[in-house]
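Q: Please take a close look at one part of this model. I would like the strand pairing and the helix packing, residue by residue where possible.

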Amino acid sequence: MAKITEIAPDFFRITTFVEPFNIQFSQFLVRDDQPLLFHTGPRALFQEVKSAVASLIDPQTLRWIGFSHFESDECATVPEWQQLAPQSEVLCSVVSKIVSVDDCLALRPAKGMVDGEVLETGRYRFRFLATPHVPHCWEAGLLFEETQRTLLCSDLFHQDGDVEPMTESDVIGRCRDTLVGYQHGPLANYVPYCSLTEVTLNRLAALQPKRLATMHGSVYVGDGSTALRDLAVMWREVLTT
Ligand SMILES: [Fe+2]
Ligand SMILES: [Fe+2]
């Protein structure tokens, strides 16, 4: 069974640690009039994620399936979820909808979001940020829940290990260790450093998030602006030298 942590009211982290790869996979469920799941997790975790979601809501009522970019851990089980939840729609960038999702993933046309567009699910309000190539992939985007100031940040702030669900301690050192490790293994160049990187991270910092809900690692609770600016500095140091 995945481990469930309520990181903010109605905002649940659903996490599985995959020991052979020393990595956590977290999905986030927001319980609202229109429930939203951000990331589905890879195919092997579907039953586990489904059981966790079913302990929080009726899974048939899931309305939105969001994710950042087109990769297995982000969106592999969209078809399974859409079969289970007849009203569910994919929520992704316009690029993602046009280039991949409508053709080879979703069972129904996706809701393609443009930069800055807002989706209200009831009590909560999600702003879509187009973030091409951050953390990676042309179609990348993120969601910022404005009422509680939680940034759903996908692979940003990736930390290896079976770490605690939430932390108020600085996580940049852990993120650096993980990124350096990737640079020396078969998954090198996990994150590109390009002309959009720093400007995008600084733009996210301007949102002043209070929680950084990462897919891999502890949710950071605190000054999200400083953490995002520190991440930009660390990425520049690791990826450009
Ligand atoms: Fe990714
Ligand atoms: Fe990921």
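A: What follows starts at strand S13, moves to the helix pair H6 and H7, and ends with the open sheet. The model is predicted.

Take strand S13, residues 211-214. Arg211 and Ala213 point one way from the strand. Leu212 and Thr214 point the other way. All four residues are buried. In a regular strand the side chains alternate between the two faces of the sheet.

Next, the partners of S13. Strand S11, residues 150-154, pairs with S13 in the parallel sense. Four bridges make up that pairing. One residue pair can be named here: Leu151 has Leu212 of S13 as its bridge partner. Strand S14, residues 219-221, also pairs with S13, but in the antiparallel sense and over two bridges. There, Arg211 stands opposite Val221 of S14. S13 and S14 form a hairpin with four residues between the strands. Gly217 in this hairpin takes a positive phi near 125°.

Now the helices. Two packed helices are described by the angle between their axes and the distance between the axes. Helix H6 covers residues 197-205, and helix H7 covers residues 224-240. Their packing angle is about 170°, and the axes lie 8 Å apart. Angles over 145 degrees count as roughly antiparallel, so H6 and H7 are roughly antiparallel to each other. The crossing of H6 past H7 is right-handed. From H6, the contact uses Thr197, Glu198, Leu201, Asn202, Leu204 and Ala205. From H7, it uses Ser225, Leu228, Arg229, Leu231, Ala232 and Trp235. Of the residues in this contact, seven are nonpolar, three polar and two charged.

Last, the open sheet. Seven strands form it in the order S1-S2-S3-S4-S5-S6-S7, with mixed pairing. Strand S1 (3-8) and strand S7 (111-113) stand at the edges. Each has a single partner strand, so one side of each is left without a neighbour in the sheet. From one strand to the next, the twist averages 25°. S1 and strand S2 (residues 11-18) run antiparallel and are joined by five bridges. Glu6 has Phe12 in S2 as its bridge partner.

Helices pack on this sheet too. Helix H1, residues 46-54, lies across S1, S2, strand S3 (23-30) and strand S4 (36-38). H1 runs at about 155° to S2. Helix H4, residues 94-104, touches strand S6 (89-93) and S7. The direction of H4 makes about 110° with that of S6.

Conventions
Residues numbered from 1 in each chain as written. Chains lettered and ligands numbered in written order. Predicted model: local features only at pLDDT ≥ 70, side-chain atom pairs only at ≥ 80, totals over all residues. Pairing = 2+ DSSP bridges. Axes fitted to C-alpha atoms, helices over the stretch in contact; angles between N-to-C directions. Contact = placed C-beta atoms within 7 Å. Buried ≥ 20, exposed ≤ 12 C-beta atoms within 10 Å, placed from the backbone. Parallel < 35°, antiparallel > 145°, perpendicular 65-115°, else oblique. Left-handed = near helix turned anticlockwise from the far one by under 90°. Nonpolar A, V, L, I, M, F, W, Y, C, P; charged D, E, K, R; others polar.
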